[in-house]
Amino acid sequence: MNRIKKTTDIVYNTNTKKDLTIIHISDIHFNTNTSLSKLNKLTTEIKKNNPDYIMISGDLIDEPKIIKNKYKIKELLQFLSNLSEITKIFISLGNHDIFSSEDLKFFNKLNELKNIYILDNDCYKDEFIYISGLTLPNNYYYNITHEESSEVLVKHLTNNRKLISKLPRELPKVILIHSPIKLTNKEVLNKLKEYDLILSGHTHNGMVPGILKPLFPKNKGLIAPNKTLFPEIAKGKIEVNQDNKKITIIINGAITKLSSKSSKILSKLNIVYPMSINKIIITKKRGKYYE
């Protein structure tokens, strides 16, 4: 069925030189079962919104072994090529994308393609925007406690100072961080306080079916990626203040809710969940758009 649910958010920023439209998606989890028709439908919807930038906040692929499937990987490359004809694409890496340094070779190759930017602890700047992508280390996701760690996140940000210090004041600043789960931690926010907008995915809308949405208001979910029930930060938009500055966090609900790794039977339940797209408009003109 491949339904699409689009959410529009307005982000006010006095530094933007013009109105900017960002299409934000996440968690495509491309695998052997990903249909070309699904990707084509997604491309068509994105194109209709005429974005200035397309941003993918992690888990482009379901697991690195898909790269060795020459037939399927051509489909993924064609999808990315079609998107790159619309505008520039910025991709950060998630926990399904890389398990070793060897896995980075594929993403480094993507970086060579027209209009595709892999932001692996790296940044991009043009006349209108500053964009960073943080790659969280494997021990952030996979450790003995099975819990994501704000300590690991703070340490990793500290070790990648070019992402968090001396950022251009005159531009809107966006960072892609795959997991949102620890982003409201005060120490983490203190590291990220120069950013205006944080884009995440990972939580797959808390796996809340549409019929149960009234029972899960705001950002609460049904289940987290580590199987914890009722996570508090799983979906939607969060606005926080750090040192008298507002930071907006937007969590994409995922293109593929159930990856093939969850089991072949469960992954078939994707039919009941829509693909989620965030349309984000950065503007300095209050009242011009309606949320």
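The exercises below, each with a worked solution, concern the fold, the surface and a few residues of one predicted protein model.

Residues are numbered from 1 along each chain as its sequence is written, and side-chain values use heavy atoms, with hydrogens and water left out. Because the model is predicted, local features need pLDDT of at least 70 and side-chain atom pairs count only at pLDDT 80 or more, whereas totals for chains, interfaces and linings use all residues.

**Exercise 1.** Determine how many helices and strands the protein has, and relate its radius of gyration to the globule rule.

Solution. Begin with the DSSP runs, in which helices are H or I over at least four residues and strands are E over at least two, numbered from the N terminus; the protein has seven helices and twelve strands. Next, take the radius of gyration over C-alpha atoms and set it beside the globule rule, 2.2 Å times the number of residues to the power 0.38. The radius is 18 Å, close to the 19 Å that the rule gives for 291 residues, so the protein is as compact as a globular protein of that length. Finally, the C-alpha trace spans about 50 × 45 × 40 Å along its principal axes.

**Exercise 2.** Find what share of the residues is buried, and what share of the contacts joins residues at least 24 apart.

Solution. Counting a residue as buried under 20% relative accessible area, exposed over 50% and partly exposed in between (1.4 Å probe, protein chains only), one obtains 53% buried among the 291 residues. With contact defined as heavy atoms within 4.5 Å, and with pairs restricted to residues at least 6 apart in sequence, 73% of the contacts join residues at least 24 apart.

**Exercise 3.** Describe how strands β3 and β4 pair, and state how β4 is covered.

Solution. Two strands pair if DSSP finds at least two bridges between them; β3 (residues 53-57) and β4 do so in the parallel sense over five bridges. Within this pairing, I56 stands opposite I91 in β4. Strand β4 itself (residues 88-92) is mostly covered, with four of its five residues buried.

**Exercise 4.** Place H156 and S149 in the structure and list what each touches, leaving aside residues up to four places away in sequence.

Solution. H156 belongs to helix α5 (residues 150-159), where it is buried at a relative accessible area of 15%; its contacts are N121, L134, T135, L136 and P137. S149, by comparison, sits in the loop between α4 (138-141) and α5 and touches Y140 and K182. From S149 to S100 the separation is 49 residues in sequence and 20 Å in space, C-alpha to C-alpha.
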